[in-house]
Amino acid sequence: MTELSHVLGDPEVCTGCMICVNVCSMFYFKVIGPEWARARVIRLENGLDFPLFCRNCEDAPCMAACPVGAITRTSKGILVVNNRKCDSCGACVTACPYDAIHLTPDTRKAVKCIQCGECVKRCPVHAIFLTSAADLSKRDPEGRLMRLHDRHSAELYDGGERL
């Protein structure tokens, strides 16, 4: 299988401007609103802003939880939702350990980051990038980024409502 990749954000670089979220919602739904975006940004009390995206997990609990087989993996390893098959049950939302999939406000169909790169291209401070495990080990050999995400995982992935 192709090495799995995903979009990752650096909370020590991110300014919390929400351009990534707004670009995403505008690009796909022609509206500006975080509830529409395939990405989200969480600001913690310590001043860190975490841009968060689907990690295309190898075990893909969202895909396993979908009762109608609406979530599949592409040949590039990206998990995608077939909205014609999605029955809006939300099982994928509950199963995702990273709160990276949600139902849209209007159709209640599941949406998640599909690595289109629009947010990466438009981040004014280059806090967002496409990476894989091998790339990340070169980019961040000390493991600073994943330690930051792991340290704050309870706050970032609590299953709470999206803004």
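This is a guided tour of one chain, to be followed in a viewer by selecting each part in turn.

The model is predicted, and local features are described where pLDDT is at least 70, side-chain atom pairs where pLDDT is 80 or more, while totals for chains, interfaces and linings use all residues. Residues are numbered from 1 along each chain as its sequence is written, and side-chain values use heavy atoms, with hydrogens and water left out.

**The whole chain**

Begin with the whole chain shown as a cartoon, where seven helices and eight strands make up the secondary structure; helices (H or I, at least four residues) and strands (E, at least two) are DSSP runs, numbered from the N terminus. The radius of gyration is 15 Å, close to the 15 Å that the globule rule gives for 163 residues, so the chain is as compact as a globular protein of that length; the radius is taken over C-alpha atoms, and the rule is 2.2 Å times the number of residues to the power 0.38. If only the C-alpha trace is displayed, its span along the principal axes is about 40 × 35 × 30 Å.

Switch to a surface, of which the chain exposes about 8600 Å², with carbon and sulfur atoms supplying 54%; accessible areas come from the Shrake-Rupley method with a 1.4 Å probe, and for residues only the protein chains shown count as cover. Of the 163 residues, 45% count as buried, where buried means under 20% relative accessible area, exposed over 50%, and partly exposed in between (1.4 Å probe, protein chains only). Among contacts (heavy atoms within 4.5 Å) with a separation of 6 or more, 61% are between residues 24 or more positions apart.

**Helix H1 and the residue after it**

Select residues 19-29, helix H1, and colour Cys20, Val21, Val23, Cys24 and Ser25, which are buried. The buried residues of H1 pack against strand E2 (40-43), helix H4 (118-122) and E8.

Now centre on Ser25 of helix H1, which is buried, with a relative accessible area of 0%. Leaving aside neighbours within four places in sequence, Ser25 is in contact with Lys30, Val31, Ile32, Gly33, Trp36 and Ala37. A distance drawn from Ser25 to Arg38, 13 residues apart along the chain, should read 7.1 Å between C-alpha atoms.

Next select Lys30, which follows H1 and is found in the loop between H1 and E2. Lys30 has a positive phi of about 60 degrees although it is not a glycine, and at 60% relative accessibility it counts as exposed.

**Arg108 and Ser153**

Move to Arg108, in the loop between strand E6 (101-103) and strand E7 (110-112). Its phi is near 60 degrees, a positive value in a residue other than glycine, and with 43% relative accessibility Arg108 counts as partly exposed.

Then select Ser153 in helix H7 (residues 153-156), which counts as partly exposed at 30% relative accessibility. Ser153 and Pro97 are 56 residues apart in sequence, and their C-alpha atoms are 9.8 Å apart in space.

**The second largest pocket**

Finish by selecting Glu3, Leu4, His6, Arg55, Asn56, Cys57, Glu58, Thr131, Ser132, Ala133, Leu136 and Met146, which line the second largest pocket. Strand E8 (128-132) and helix H5 (133-139) are the elements that give two or more residues to this lining. By type, the lining residues divide into five nonpolar, four polar and three charged; Ala, Val, Leu, Ile, Met, Phe, Trp, Tyr, Cys and Pro count as nonpolar, Asp, Glu, Lys and Arg as charged, and the others, Gly among them, as polar.

The space in this pocket is about 200 Å³. On a 1 Å grid over the protein atoms alone, a pocket is an open set of points where a 1.4 Å probe fits, with protein on both sides within 12 Å along at least five of seven lines, and lining residues have an atom within 4 Å of a point; points are joined across faces, edges and corners, and a volume is the space filled by probe spheres set on them.
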